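User: I'd like to understand the labels people put on a model like this one. Could you walk me through the reasoning behind a few of them?

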Amino acid sequence: MAAATPANLESYYAAHENESLAKPLLGDEAPINEQVSPESAELGHALDPRRSQGGHSCKAAAGRQCTTWQTTAALLTLQLGWGLWLIPCDFARLGWIPGLVTLFTLALSTAYSGTLFTRLYAAVPDAVLFGDIGAAAAGRKGRVLVYVTIYSLDATRCIILHLAATQSLYHAIAPLLEEALPLWQCSVIVGVVVLLLGQVRYLTQLSSFFMAGTVSQMIALAIVIYDLVVSARSSQEGSNSGTIPPGGVGGGLATGLVRHSHSPLIGDDFLNGNWAPVAMAVLNLIFAYGGQFAFLELITSMRSPGRFSDAVTLCTAIMTALYGGFGAVGYWSKGSSVHGIVIFNMDPSPLAQVAAGFIFLQALAQYLVNLNVWTHNLLVLISRRASRTTDDELWAEETHAKSTGDHSSSHWLAATAFVAAYSAVVAVAIPFFCTLVGFVTSVTYLTCAYTLPAWFAIKLLSGKLGGLEKAWLTSLIPVSIILSSIGLVASVKTYITEAYGGEGM
């Protein structure tokens, strides 16, 4: 899943400035513009020329001015994120054949979901958010399920990105210190940094920093690929000359990214029935393709919504080529020994520190965006509840907050401190990135991407579905629920293994 470009709710609400936000968020008659997912809110800035600073040149959602190419670019910024760094590890757990089969299966499923969302929007053309599709298909129950899933995703994404930033900081500075800082201290540092920067409520003021985050990811990717290829060649030359690479040929974290001959067509975990790592690898790949929760908002920004499926197909093709290529290079070079985020498998060196520093900037930029949007949503929810139980005028005013700047400074500080605090605590309690990603994917991403869209399509498109497609969608609901359950159990099992010092992902 992914990363998104810098933005906030301001651009979205500006397009709906005359609409009321006074009704409860999950009520039967709640206005359709009451909630925005983090990624759609972020993309709203990139799609609005009134706030753009050299980015996309299309208008906000109400203008319907985005071309297919611009929507493809927005999708790429949304979906290319931290899932990329897990692809070599996923191949190591699955092997060449299961890894590539899973990758291409998810690519086809993602492309199909683009056509499905396009048809769902055609059935409910007044929809602005995915919750509106849910309401049209299943009434209040559908809207509630969507919003609960989206808000759960909002909250847990902050934890994932806090852990990513914490581990990146640790690997970037540890070689510079005589004694490495404990992970919890790195987590505290990250929490303080995001708390301070999070007080800049209009993310447009941090646009240069967010652009640096995107550029940092590309630089880190180039560094890792270079290191993978060079290390593999050096190892091969050493083998041809009869010498052994430093650290031996066994590999592991201490030997760096050296060429391993043990990269089987079918992974050892797969062959040996070690189902938990295999399930976690599949969940990581699902996470890498995640983005369906923001599809509806992107459709509404297009000049020709009917061509959204073309944008998804093109974006998916680009991602699949990148994921497949990076995964193949990593597995070819590192073999079955790669674990977790591939950058953290590099030998301690200045190059590894530079790569870790760059992905720290990437994680921090994405964290700030999610912190901003989740804090806004959280304050709106709290203010609506508080306005019904108290006469506090400050809370009453915030029920109509149309942008992040409409909240009181004290409330904003308290809310950002709360989000940063629980993210820091959970990141230290579950300091295993793959495990955390697996847990979040099983609880939220699968539901957003497959379970709910399939259910809504059966309700809204029943007269337009062929027998085969209807059977596919009907089967997809229990299959996705079963996968979510397996993923949840695998995440818990992996966490217990890792917590007691065993080897997980």
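Analyst: Happy to! Keep in mind that this is a predicted model. A good place to start is the aromatic rings, where the count comes to 17 aromatic pairs.

User: Take Phe130 and Phe456: what makes them an aromatic pair that is edge-to-face?

Analyst: Their ring centres are 5.6 Å apart and their planes make an angle of 65 degrees. Rings pair if the centres lie within 6.5 Å, and planes over 60 degrees apart count as edge-to-face, so Phe130 and Phe456 meet both conditions.

User: How do you know that this pair links distant parts of the chain?

Analyst: Phe130 sits in helix α6 and Phe456 in helix α16 (residues 433–460), with their positions 326 residues apart in the chain. Both rings also belong to one aromatic cluster, together with Phe117, Phe295, Phe308 and Trp455.

User: Are Phe130 and Phe456 buried or exposed, and why?

Analyst: Buried means under 20% relative accessible area. Phe130 has 2%, so Phe130 is buried; Phe456 has 0%, so Phe456 is buried too.

User: And why is Trp69 called exposed?

Analyst: The cut-off for exposed is over 50%, and Trp69 has a relative accessibility of 67%, so Trp69 counts as exposed. Trp69 is found in helix α3 (residues 68–79). Its C-alpha atom is 10.0 Å from that of Phe308, although the two are 239 residues apart along the chain.

User: Which residues have the most contacts inside the largest nonpolar core?

Analyst: They are Leu75, Trp82, Trp85, Tyr323, Ile343 and Phe433, in a core of 121 residues. Helix α6 (residues 130–173) gives the largest share of this core, with 17 residues. As for Tyr323, beyond its neighbours within four places in sequence, its contacts are Gln79, Leu80, Leu84, Ile87, Leu103, Ala288 and Tyr289.

User: Let's finish with helices α10 and α16: how do their axes cross?

Analyst: Two packed helices are described by the angle and the distance between their axes. For α10 (residues 275–288) and α16, the axes come within 9 Å and cross at roughly 65 degrees. The crossing is left-handed.

User: Which residues meet there, and what is their make-up?

Analyst: Met280, Leu283, Asn284, Ile286 and Phe287 of α10 meet a set in α16 that includes Cys434, Val437, Gly438, Tyr445 and Leu446. The contact divides into eight nonpolar, five polar and no charged residues. Gly counts as polar, so Gly438 falls in the polar group.

Definitions and conventions:
Residues numbered from 1 in each chain as written. Predicted model: local features only at pLDDT ≥ 70, side-chain atom pairs only at ≥ 80, totals over all residues. Heavy atoms only, no water. Core = buried A, V, L, I, M, F, W, Y, C linked by side-chain atoms within 4.5 Å. Buried < 20%, exposed > 50% of the residue type's maximum accessible area, 1.4 Å probe, protein only. Helix = DSSP H or I, 4+ residues; strand = E, 2+ residues; numbered from the N terminus. Contact = heavy atoms within 4.5 Å. Phe/Tyr/Trp six-rings, centres within 6.5 Å; stacked < 30°, edge-to-face > 60°. Axes fitted to C-alpha atoms, helices over the stretch in contact; angles between N-to-C directions. Left-handed = near helix turned anticlockwise from the far one by under 90°.
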